Amino acid sequence: MSAKAITEASGKDILNRHLNTHGAGAATCRFATVNSTTDWSKLAVDHPWLLTTPLVCKPDQLIKRRGKLGLIGVKKNFEQVKQWIGERLNKDQKIGNAVGKLRNFIIEPFVPHTDAEEMYVCIYSHRAADTILFYHQGGVDIGDVDAKAVKLDVPVNSSLSLADVKSKLLKEVKDAGTKERIAKFVSALYTTYVDLYFTYLEINPLVVTADNLYILDLAAKLDSTADFICRPKWGEIDYPPPFGRDAYPEEAYIADLDAKSGASLKLTILNRNGRIWTMVAGGGASVIYSDTICDLGGASELANYGEYSGAPSEQQTYEYAKTILNLMTSSPKHPDGKVLITGGGIANFTNVAATFQGIITALREFQPKLVEHNVSIFVRRAGPNYQEGLRKMRDFGSTLGIPLHVFGPETHMTAICGMALGKRPIPQTASVEFSTANFLLPGGQQAQADLKAASDASEALGSGSDEADSAAISGAQRNGSSLNRKFFSNTTKAIVWGMQQRAVQSMLDFDFICRRDEPSVVAMVYPFTGDHKQKYYWGHKEILIPVYKKMSDAIHKHKEVDVMVNFASMRSAYESTLEVLEFPQIRTVAIIAEGIPENMTRKLIIEADKKGVAIIGPATVGGVKPGCFKIGNTGGMLDNILHSKLYRPGSVAYVSRSGGMSNELNNIISKATDGVIEGIAIGGDRYPGSTFMDHILRYQADPETKLIVLLGEVGGTEEYDVCAALKDGRITKPLVAWCIGTCASMFTSEVQFGHAGSCANSDRETATAKNKGLRDAGAYVPDSFDTLGELIHHVYGELVKTGRVVPKEEVPPPTVPMDYSWARELGLIRKPASFMTSICDERGQELIYAGMPISEVLSKDVGIGGVISLLWFQRCLPSYVCKFFEMCLMVTADHGPAVSGAHNTIVCARAGKDLVSSVVSGLLTIGDRFGGALDGSARQFSEAYDTNLHPMEFVNKMRKEGKLILGIGHRVKSINNPDVRVKIIKEFVLENFPACPLLKYALEVEKITTNKKPNLILNVDGVIATAFVDMLRNSGSFTSEEAQEYINVGAINSLFVLGRSIGFIGHYMDQKRLKQGLYRHPWDDISYVIPEQYN
């Protein structure tokens, strides 16, 4: 939802900070807020005026007509206010059909004034303008303000003049000085309204005294999608729930998930103790499921409304499902058990299997509670990878211990509602209508060409003559609409804004199966990279599509383009669309992003109208012209496109708000008729770029369109324009229409549905009223969405009977290639992997180290040693081992700048090399002579110990072979000047390891070597190496074979390499910090030994 109501306190706080900066001349609103946690003594200290002035108090919970309801306390002192609020705080209050508790109050100074000084001001937004209402009498008895108030429309993107305010709004204000003051106030209020993205602002009354203007009561709504623009000016805003519905922490949690996700996650709790719970994919589908449940008599038991859509990840779906299941199983048991309806339409791009895996994980977690509450689950879903998703759900259902019924696109979308409520029998087996996809077999590309030739020759399913289309369209254009033209054809060329590779490939695949001669996407624009080319598939061939940094370059190099598909985010969609409107060759723009601020959308509409450009969206999946062109991800996967016969035109055109439901309409229409000829989803925002009528009039003008389908929804009044066109004869073709959201009138409190525009602000905007209006105007209106397909089939049958539609011979669906990655995901192919790994998995929602999620790694505080044990050894090693690892890293981290590795790192750093190059130069010096003796030392000592050589025999053997004993000896340290590092590690190992025979063996060797020379001590390499081997052999975590394998592969050196990398990085940073110049070794430190010269 975009337009969200705020509390009176929030509204007044915003106006206090901004209104007078525009010259309003209004008094600052003084107020204090009270709830159950308020400390009255502190409140009086923070607001001393509470003790010195008469006060007004009232609830601040989006309650209308508080004065009429007796919910305003007037002219009370502080103690009386405390008593008045205390008598009402947390008490039930009935307002209309809603019952709720009064929890929040606002206290303000009483402003003495007369009735004549009360006035009414209201500003609200609509598609083309902002309307300002003014009435010279305000207060609780104002009555029908729409009939009484003077209205002034301020067109979008224009300014308000003081002259207009005075001459058009303030006619009844006679005093010139008062009129001037009010005019400045109204002008400043409107400027603030626009700048701060208000969508509704009502002041009743505005009190105008001789010396000041006071805002007494205020109601306001903000465009919440403008948060990224206005947060610095708004501050932190809380959007309270409608009165009668408490805010639940679970709702706040889902709202927070939604804010952090590119997907859409919504949850509204209607009846905490209800038995019917829903988990529905898609904004439009979620409304239809609620409608159907209410139509079947389940309104009083419907527990929640919500949706998950926009390709949420497996983890996000899990969190959403877990929240629903926790609510469902933490409320009291129901004698009839509970039902969970997990439904949805046919997804366009959401991976059904991935989202279902998240749901399955949550169901598994709650399995005992689900059994305890006698829950039955009904699933219906389709879309990308749905077969795998349904299979997983069925397999899991067999182990769940409760009824779990699973259906796909062969079942009507809402049929599971009737099954869940016992109104419809549950089929024991479901027929599967179609498989994953048709494959392009060898020779298929030629077969494709042959099919195209045959199709062109027979014109079996052609789209009609261009002459007839041109005549119809030109006639429609003479009627005044610049949008009454053909948007797409089989030669349409488009530019895609954004690096949407999957969507572009989807468009190209659609082009291919429609037998287009050339791809519809000729270029992409992406400002964040340089000009380059991206590789895509055309059938099984690879092609290159250019990507441009600048829109102007793309437009100028591709003059044939007339469509832009804009995948820019909500933050940049406005600017990128304005930019493309500057190029006259672009005639249609599809804006996919959801959440564009309404003021920006309205400005785009004005600019597009000026230039005769059609806008589809925002907040849409796009549209499709079967056999010709599709926008982005419209139509979903190729299997659904083939099943819905979108590769060739039919006779039925539709327009809907919902992108997800457009795919369901494709499915319904393909079953009930000869298929779709064009389908557009105008978008779910309050102000779509093009309206229902824009597209319906195009369909009316198209001679190949025989039947029109409209899927409207609650909120707005655009459907009444269709009613008017039916009555005055502008629409003569049969129109089947249904408006979703009929359940809204059955709820006791206001519910904002998934789309920003789907909220009724008056009885006229309800779905029930619209359906009645459409039926009265002559449209075919079903009794419910459940019977929409049957009605479409009936009307189509009549057209066939009368000869207005002549069914054509079906063209065989073309074979198509499937992407390798998708075929592999579906389990249709296999290949040997190029790499194998067994230590880490980043593919899921959480990074996993050797089977342990990263969150657990952190929560258990395993430390760096624990991470080493997981990534190096694939297991959790004992804590003393992890501590040993960390000690080794600490003592080996550095040994000064003189050693070869540090020296190399310093020289490279001073030569201007980067961090990686400098550190690598140091690491490359590690070997038997520097730091890399750990592996060799481990092997030598292990072999000697394992062959039962006495330490003296070992020393003698090495001397006879002329080999150094690795791990013995130090250039500086000696038996008389011991290495503290060795002492620390040795003492720790002897004290904490369960056994350390090899270390003790090495210490016996040290006794022999130091007798020969005092510096032949056991050094750091030797103590770490022997202790490491003792850990491998005696910790109980490894078999003897595993221990030996780690010794053989050189694992022991790893501790020195990792530890010393810390020091090398330190030396690099030190040299950079000290700003040391290029190093040159001094001459006097070099012995030049030059051979003699011979003549």
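This passage walks through the architecture, sheets, surface and salt bridges of a predicted model.

The protein has 1095 residues, 55% of which count as buried. Its secondary structure comprises 39 helices and 35 strands, and the C-alpha trace spans about 115 × 90 × 85 Å along its principal axes. Five domains are assigned: domain 1 covers residues 3-234, domain 2 residues 249-426, domain 3 residues 515-616, domain 4 residues 833-861 and domain 5 residues 877-1074. Between the centres of domain 3 and domain 4, the separation over C-alpha atoms is 40 Å.

Turning to the strands, an open sheet is built from four of them in the order S2-S7-S3-S4, with antiparallel pairing. The edges are taken by strand S2 (32-34) and strand S4 (73-76); each has a single partner strand, so one side of each lacks a neighbour in the sheet. From one strand to the next, the twist averages 25°. S2 is held to strand S7 (residues 105-109) by three bridges in an antiparallel arrangement, and Ala32 has Ile107 of S7 as its bridge partner.

A hairpin is found further along the chain, where strand S22 (residues 532-538) pairs with strand S23 (residues 541-548) through seven antiparallel bridges. Trp538 is partnered there by Lys541 of S23. Two residues lie between the strands of this hairpin, and Gly539 adopts a positive phi near 70°. A positive phi, near 60°, also appears at Gln874, which follows helix H29. Within H29 (residues 863-873), the buried residues are Gly865, Gly866, Ile868, Ser869, Leu870 and Phe873.

The surface carries a nonpolar patch made of Leu915, Val916, Val920, Leu924, Ile1065 and Met1069, which together have about 540 Å² of accessible area. Helix H32 (915-923) and helix H39 (1053-1073) are the elements that give two or more residues to this patch; H32 contributes the most, with three residues. Leu924 sits in the loop between H32 and helix H33 (933-946), and it counts as exposed because its relative accessibility is 69%, above the 50% cut-off. Another exposed loop residue is Thr491, with a relative accessible area of 55%. Thr491 belongs to the loop between helix H16 (466-478) and strand S20 (494-497). Its C-alpha atom is 11 Å from that of Arg515, although the two residues are 24 apart along the chain.

Side chains of opposite charge can pair when their charged atoms come close. The structure holds 48 salt bridges, and three of them show varied settings. Glu8 and Lys12 form one with the closest N and O atoms 2.9 Å apart. These two residues are about one helical turn apart because they are four residues apart in helix H1 (residues 8-18). Glu8 is buried at 2% relative accessible area, and Lys12 is buried at 0%.

A second salt bridge joins Glu236 and Arg231, at 3.9 Å from N to O. Here Glu236 is exposed, at 69% relative accessible area, whereas Arg231 is partly exposed at 41%. In the third, Lys333 meets Glu372 at 3.4 Å from N to O. This pair links distant parts of the chain, 39 residues apart, with Lys333 in the loop between helix H10 (314-330) and strand S17 (338-342) and Glu372 in helix H12 (residues 367-372). Lys333 counts as exposed at 52% relative accessibility, and Glu372 as partly exposed at 44%. Finally, Glu8 and Lys12 belong to one network with Lys58, Arg66, Glu108 and Asp217, joined by salt bridges that share partners.

Technical notes. Residues are numbered from 1 along each chain as its sequence is written. This is a predicted model: local features need pLDDT of at least 70, side-chain atom pairs count only at pLDDT 80 or more; totals for chains, interfaces and linings use all residues. Side-chain values use heavy atoms; hydrogens and water are left out. Domain bounds come from an automatic or database domain assignment. Patches are made of residues with over 30% relative accessible area and no salt bridge: like charges are joined within 9 Å, nonpolar side chains (Val, Leu, Ile, Met, Phe, Trp, Tyr) within 5 Å. Accessible areas come from the Shrake-Rupley method with a 1.4 Å probe; for residues, only the protein chains shown count as cover. A salt bridge is a side-chain nitrogen of Lys or Arg within 4 Å of a carboxyl oxygen of Asp or Glu. Buried means under 20% relative accessible area, exposed over 50%, partly exposed in between (1.4 Å probe, protein chains only). Two strands pair if DSSP finds at least two bridges between them. Axes are lines fitted to C-alpha atoms, for helices over the stretch in contact, and angles run from 0 to 180 degrees between N-to-C directions.
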